[in-house]
Amino acid sequence: MPETLTPKTADQVLEVLKWASSEEKSLNVQGHGSKSSLGRAEPCDHTLDMSALNSILDYSPSELVLTAEAATPLADIERALDEKGQELSFEPPDLGPLFGRASDEGTVGGVIACNLAGSRRIKAGSARDHFLGFHAVSGRCEEFKSGGKVVKNVTGFDLSKLMAGSYGTLAVMTDVTLKVLPKPEKIRTVLVRWSTNGIYDHGGVRSMIDALGTSHEVSGAAFIPAKVTEFSNVDYIKSAGGSVTAIRVEGPGPSVAHRAEELKKQLGIYGTVEELHTSNSVTFWKEVRDVSFLAVNQDRAIWRLSVAPANGSRVALSILEGHPGEVIYDWGGGLVWLAVEEKDNASEAKVRAAVNEVGGHATLFRASNQLRREMPVFHPQTQDLSDISKRIKEGFDPGGILNPGRMYEGI
Amino acid sequence: MLMPKPDGDIIAKRREIIGAMQAIVPGEGVITDEDELRAFDCDGLSAYKQLPLIVVLPENTEQVSKVLRYCHDNNVKIVPRGAGTGLSGGALPLADGITLGLGRFNQILDIDYQNRCVVTQPGVTNLGITQAVEDDGFYYAPDPSSQIACSIGGNIAENSGGVHCLKYGLTTNNVLGVEMVTMDGRIVCLGGKHLESEGYDLLGVVTGSEGLLGVITEVTVRILRKPETARALLLGFESSDHAGDCVADVIGAGIIPGGMEMMDTFAIQAAEEFVHAGYPLDVEALLIIELDGPEVEVEHLIDRVEGIAKNAGAVHVKISESEEERLRFWSGRKAAFPAVGRLSPDYICMDGTIPRGQLSHVLKRMSEMSERYGLRVANVFHAGDGNLHPLILFDANEPGEFENAEKFGAEILKLCVEVGGVLTGEHGVGIEKRDLMGEMFSEDDMKHQQRLKCAFDPDQLLNPGKVYPTLHRCAELGKMHVHKGQMKFPDLPRF
């Protein structure tokens, strides 16, 4: 009988792991389960529900550092930070709706374990770049910590990097320390509306490269093709009638106004230029961050591609050629979200080949359980990297009790 | 500092090893002559010296791979070395090990403005990357003080910082990919021109791994467009408390400056005497705060920071009115180490990080220690991110004084940990802080770190004796305590 175990303290987490290890049972480690359909669908014997470890332990705004138990809701953290005019500047996405679930379910541990980030990734980095330290229990049933509570720290191996993006396969984090940053005073988004319908993806990527090549500290660069603009809740985008390039600048008022003005001049060569101010900007970039444009049609499989920015549209269009599907671009073209039909393993062969040709990786981010059981979700690794990964897994979780198979078979 | 006992069998096989290396790296690439080896006997931590068994300077990745493969098969240790500017002894040679110098990997391979990155060989200097792109208005952001000389490969090994990392991040936040050779000679690529490596973030763990996981043979870093302009404020305070308040208030106001540096009286006076930067001499703490960005932003923020500084009790406020003046403000800070060095035959430079709020407490405790040890200490401080660089002055010709200075240094680092900080902010552990690791980490903490090492280098041939005070065999680290008959936690709620 699968059971759900809900420890209340780090000590109890250790006890659960010892028990699982002793019984040789695998544990599905989860916070609120908001991303439970991300990764390979490999059933575990029992569920380790971390949701009772949900408090902020320490927050000192002047140190720009926050420590919280691993399953602290992101919403709670964001609220606490907001009161002090601060935020998690990697823009942790809220992917509930994309996965057909409710909003605001994510936990801080979850977003770190999956190493996710929003549009500001290009300027501020990802979850990994803001993750300073943690306490955890490894699959060896030993408590350990790494990192610290200060930003600048090179003491020992940076195990925070190892934990970020390890999908709970190595250790169960019990608390995490993050770097936080002041919220920008003002936000503006420069929009370029491409004149008529048609495929403008290459031009869209070109315009983002131009914007990112300036000194205007662009903190978001996305391209929304005409086909999906209607799903926005921002009137300008919704009624654009064509594809839209969106470039975000943030900072003190006078600076933002100046930079937006300069960007409008430069990008005017591509089409009609508009501007969104703070509140519309916030709505729009949340839609990009959460991939809302592709959340509507739940029948499609969704791929997440990370490639060199200049290759984004080439890769996407070569995959979509002759197939029904939708695409949006973030990170200046470097992050490609593709929605395709599930048939033919969600066009896996085409996707992998297109990405391999230019370098990068593709994750089958959303798909049916069946598909995520039958095919690799993450980009297949070379033999050498796979060997190293397996040895790391053996070092941290020799019995394979933590989320086995969630990332790769045998890991 | 005890290093692992040299392996006599390897030393006895020196001639044979030289032959094998010469077959792999033809020409001048194998150094065996004692006089020439002496050039490699230490890195920036020059108090510790050791002649390497030999030095090998390969020219390409294939040679590196073959060298490592040979050493792997023949149980020969390797110490990777970039420019040798490291401050923690990470490149200290081993009597029974080959020092593998990457100095001949000195070409920039690809400048890609569309993807805003540079692909380079690891022996190129940090500044060399900026110089290659600055005519086109770009630069590489991390700027360690040694940037004229230090290599980008070494920066990755140490996860180097610099004055601007408060706003622009450390090396780890600016490197996109590496090509690396593991100890068994396999060539692996981590990352690339895209963001995020998938699977375990091996690029993330290799960065800052101090040459213990692999030998980096190619590097991809991101470059940024140079800010339109930069200006600096020079602020003097009668007490370090006030300076600390000013730092907290600037951050509290939501401003992240490009750089925020603090110096204490001793450092101010030494620097002023040395370079005449125009520093006030009647203050206890000096802050240099630099704002960069578009002119209108810098103007706006300079005004705000000036207001904050005055509120916090600044008694001396000067704002740079020209690029020349801005550089003059920095000249004293940048010359602080040699300036202090002039006042003493020898000095050691420490590198702890503390929570910013602990600054005045730590300064007070340090001045007590200074009296107790009878050694002078000067402080320069990356105030923005809490990274402290106390310089301890001593005279190596006085018997016992070096040991005393080291003890003083260790006590400072212990204090950093005690107040919630860490042993090293940017210089690395190397051999210098190796034996202090237990102050910060438990045995289990360190064993988990070493298990990562075992995944890359199970025979522990890469840079042994560095970072970790105890070398555990990987077989021993891999053993798992079996929990048989463990009860489920009886009170655990379950559904």
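**Exercise 1. Work out how domain 1 and domain 3 of chain A sit relative to one another in this predicted model.**

Start with the distance: the centres of domain 1 of chain A and domain 3 of chain A, taken over C-alpha atoms, are 25 Å apart. Next, look at who takes part in the contact: eleven residues come from domain 1 of chain A and twelve residues from domain 3 of chain A. Then sort by class: on the side of domain 1 of chain A that touches domain 3 of chain A, you'll find six nonpolar, three polar and two charged residues. Last, check the bounds: the domain assignment gives domain 1 as 1-183 + 381-411, domain 2 as 186-289 and domain 3 as 292-374.

**Exercise 2. Decide whether chain A is as compact as a globular protein of its length.**

Count the elements to begin with: chain A has 14 helices and 18 strands. Now for the globule rule: it gives 22 Å for 411 residues, and the radius of gyration of chain A is 21 Å, which is close, so chain A is as compact as a globular protein of that length. For the outline, its C-alpha atoms fill a box of roughly 65 × 50 × 35 Å along the principal axes. As for burial, 63% of the 411 residues of chain A count as buried. Finally, take the contacts in chain A between residues at least 6 apart in sequence: 72% of them join residues at least 24 apart.

**Exercise 3. Run through the same steps for chain B.**

Chain B comes with 18 helices and 19 strands. Its radius of gyration is 24 Å and the globule rule gives 23 Å for 495 residues; the values are close, so chain B is also as compact as a globular protein of that length. The box filled by its C-alpha atoms is roughly 70 × 65 × 60 Å along the principal axes. Of the 495 residues in chain B, 56% are buried.

**Exercise 4. Describe the contact between domain 2 and domain 4 of chain B.**

First, locate them: the domain assignment puts domain 2 of chain B at 108-225 and domain 4 of chain B at 344-427. Their centres, again over C-alpha atoms, are separated by 30 Å. Five residues of domain 2 of chain B and six residues of domain 4 of chain B make up the contact. On the domain 2 side, three are nonpolar, two are polar and none is charged.

**Exercise 5. Take stock of where chain A meets chain B.**

Chain A puts in 88 residues and chain B 84 residues. On the chain A side, helix α14 (residues 383-396) gives the most, with eight residues. By class, that side has 33 nonpolar, 34 polar and 21 charged residues.

**Exercise 6. Check the length of helix α4 of chain B, then see what is buried in it.**

Helix α4 of chain B covers residues 61-74, which is 14 residues; at 1.5 Å a residue it should span 20 Å, and its end C-alpha atoms are 20 Å apart, so the two agree. Buried residues in α4(B) are Gln63(B), Val64(B), Ser65(B), Val67(B), Leu68(B), Cys71(B) and His72(B). Just after α4(B) comes Asn75(B), with a positive phi near 60°.

**Exercise 7. Find the residues with the most contacts inside the largest nonpolar core, and follow up Leu287(B).**

The largest nonpolar core has 273 residues, and Leu338(A), Cys246(B) and Leu287(B) have the most contacts inside it. Set aside the neighbours of Leu287(B) within four places in sequence, and its contacts are Leu235(B), Ala243(B), Cys246(B), Met260(B), Met262(B) and Ala383(B).

Methods
Residues numbered from 1 in each chain as written. Chains lettered and ligands numbered in written order. Predicted model: local features only at pLDDT ≥ 70, side-chain atom pairs only at ≥ 80, totals over all residues. Contact = placed C-beta atoms within 7 Å. Helix = DSSP H or I, 4+ residues; strand = E, 2+ residues; numbered from the N terminus. Nonpolar A, V, L, I, M, F, W, Y, C, P; charged D, E, K, R; others polar. Domains from an automatic or database assignment. Core = buried A, V, L, I, M, F, W, Y, C linked by C-beta atoms within 7 Å. Buried ≥ 20, exposed ≤ 12 C-beta atoms within 10 Å, placed from the backbone. Rg over C-alpha atoms; globule rule 2.2 N^0.38 Å. Expected span 1.5 Å × (residues − 1).
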